[in-house]
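Please work through the exercises below with the sequence and the structure in view. Each one sets a task and then gives a solution in steps.

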Amino acid sequence: MRQTLYIYRKELLGMARSYQLLWIPVVFMLLVVMQPVTSYFLPDILAASGSVPKEMIAGFPIPGPAEVMAGVLGQYNTLGVLILVIAGMQVVAGERYGGTAALVLVRPVSSASFISAKWAGQMTLMLFSFAVSYAAAWYYTALLLGPVPWREGLIAGGLYVLWLTFAISLIVLLSTLLRGSAAAMISLLLIAGFSLGHTLAPAWFAWSPARLLMLANAAISGSPLDSVYFPTIMTSLLCLACIGVAIWSLRRQGIPDLRGD
């Protein structure tokens, strides 16, 4: 446990020195805050362009808070996942191929402590970025378009956090197995494959983590949720499996692993 906390603090210090704890939350905020702001001012933007008839602008519907928040969540599933994958693609691979992992693990530090600390660092970055940006998007949506129900908003946000947790776990696993660029590419392909598979065959992929996206959109719109427990449990098990395989793989790669207390 002490080794895990030490590596975790080292990971946070590295993120602070590389400004990841600053620029990733800021990018997330800009990404999602533009959704309610653009939705509210879109008629004015179209009128200022001078290329849209006034009659069309007068009848242009302004989306409601639920629709805007659904669009906010969609940003996390596209550009948000991309940013997290790029930020985390070297989390293990960079230290493995740079020789730092061997220097750390030759000490009384287990592979489990090393991988757990890396995963916890990426989770801290994701949770902080998501919480700050989601709160900002929620505030501007409520300010410009109307109130967002607390219960529905929190459920939808929680489901998306679990989806992003799966993405973090997957990139930690692939960063352990592959070099950074290959890990990022395969992570994005697998995440896109889960989403596409659920879209094309939702009955076959009812267990998939991608089902959480549909459930989150249903929650934010106030629709009843069905079978939320099955994909939630399966996603949690897949996250644990990714971390377990990453630990096993690091032990098998010939890096000394001397266990401490």
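The exercises that follow concern a predicted model, and they go from the whole chain to single helices and residues.

**Exercise 1. The chain as a whole**

Describe which secondary structure elements the chain has, and state how much of the chain is buried.

Solution. Begin with the elements: the chain has eleven helices and zero strands, and read along the sequence it follows the pattern α-α-α-α-α-α-α-α-α-α-α. Next, turn to burial, where buried residues make up 44% of the 261 residues. Then consider the contacts between residues at least 6 apart in sequence, of which 79% join residues at least 24 apart. Finally, look at the outside, where the chain exposes about 13000 Å², with carbon and sulfur atoms supplying 71% of that area.

**Exercise 2. Helices α1 and α7**

Determine how α1 and α7 are oriented to each other, and which residues make their contact.

Solution. First take the geometry: helix α1, residues 2–17, and helix α7, residues 111–144, pack at an angle of about 40 degrees, and their axes are 8 Å apart. Angles under 35 degrees count as roughly parallel and those of 65 to 115 as roughly perpendicular, and α1 and α7 are therefore oblique to each other. Their crossing is right-handed. On the α1 side the contact is made by Q3, T4, I7, Y8, E11, L12 and M15, while α7 contributes residues including F114, K118, Q122 and L125. Sorted by class, this contact of α1 with α7 has eight nonpolar, seven polar and two charged residues.

**Exercise 3. Helices α4 and α8**

Determine how α4 and α8 are oriented to each other, and which classes of residue form their contact.

Solution. The axes of α4 and α8 come within 10 Å and cross at roughly 25 degrees. Since angles under 35 degrees count as roughly parallel, α4 and α8 are therefore roughly parallel to each other. The crossing in which α4 passes α8 is right-handed. Among the residues in the contact are L73, Y76, V81 and L84 of α4, together with Y160, W163, L164 and I168 of α8. By class, the contact of α4 with α8 has eleven nonpolar, four polar and no charged residues.

**Exercise 4. The surroundings of α10**

Explain why helix α10 is described as largely enclosed, and name what covers its buried residues.

Solution. Helix α10 spans residues 211–220, and eight of its ten residues are buried, so α10 is largely enclosed by the rest of the structure. The buried residues are R211, L212, L213, L215, A216, A218, A219 and I220. Their cover includes α4 (65–88), α7, α8 (150–177), α9 (180–200) and α11 (229–252). Just after α10, G222 takes a positive phi of about 85 degrees.

**Exercise 5. Two loop residues**

Decide for Y19 and for V91 whether the residue is buried or exposed.

Solution. Start with Y19, which is found in the loop between α1 and α2. Y19 is exposed, with a relative accessible area of 56%, and its phi is near 65 degrees, a positive value in a residue other than glycine. Now move to V91, which lies in the loop between α4 and α5. V91 is buried, with a relative accessible area of 6%. Not counting residues up to four places away in sequence, V91 touches E11, K118, Q122, V172 and S175. As a last step, take one of these partners: V91 and Q122 are 31 residues apart in sequence and 8.2 Å apart in space, C-alpha to C-alpha.

Key. Residues numbered from 1 in each chain as written. Predicted model: local features only at pLDDT ≥ 70, side-chain atom pairs only at ≥ 80, totals over all residues. Heavy atoms only, no water. Helix = DSSP H or I, 4+ residues; strand = E, 2+ residues; numbered from the N terminus. Buried < 20%, exposed > 50% of the residue type's maximum accessible area, 1.4 Å probe, protein only. Contact = heavy atoms within 4.5 Å. Areas by Shrake-Rupley, 256 points an atom, 1.4 Å probe, with all protein chains shown as cover. Axes fitted to C-alpha atoms, helices over the stretch in contact; angles between N-to-C directions. Parallel < 35°, antiparallel > 145°, perpendicular 65-115°, else oblique. Left-handed = near helix turned anticlockwise from the far one by under 90°. Nonpolar A, V, L, I, M, F, W, Y, C, P; charged D, E, K, R; others polar.
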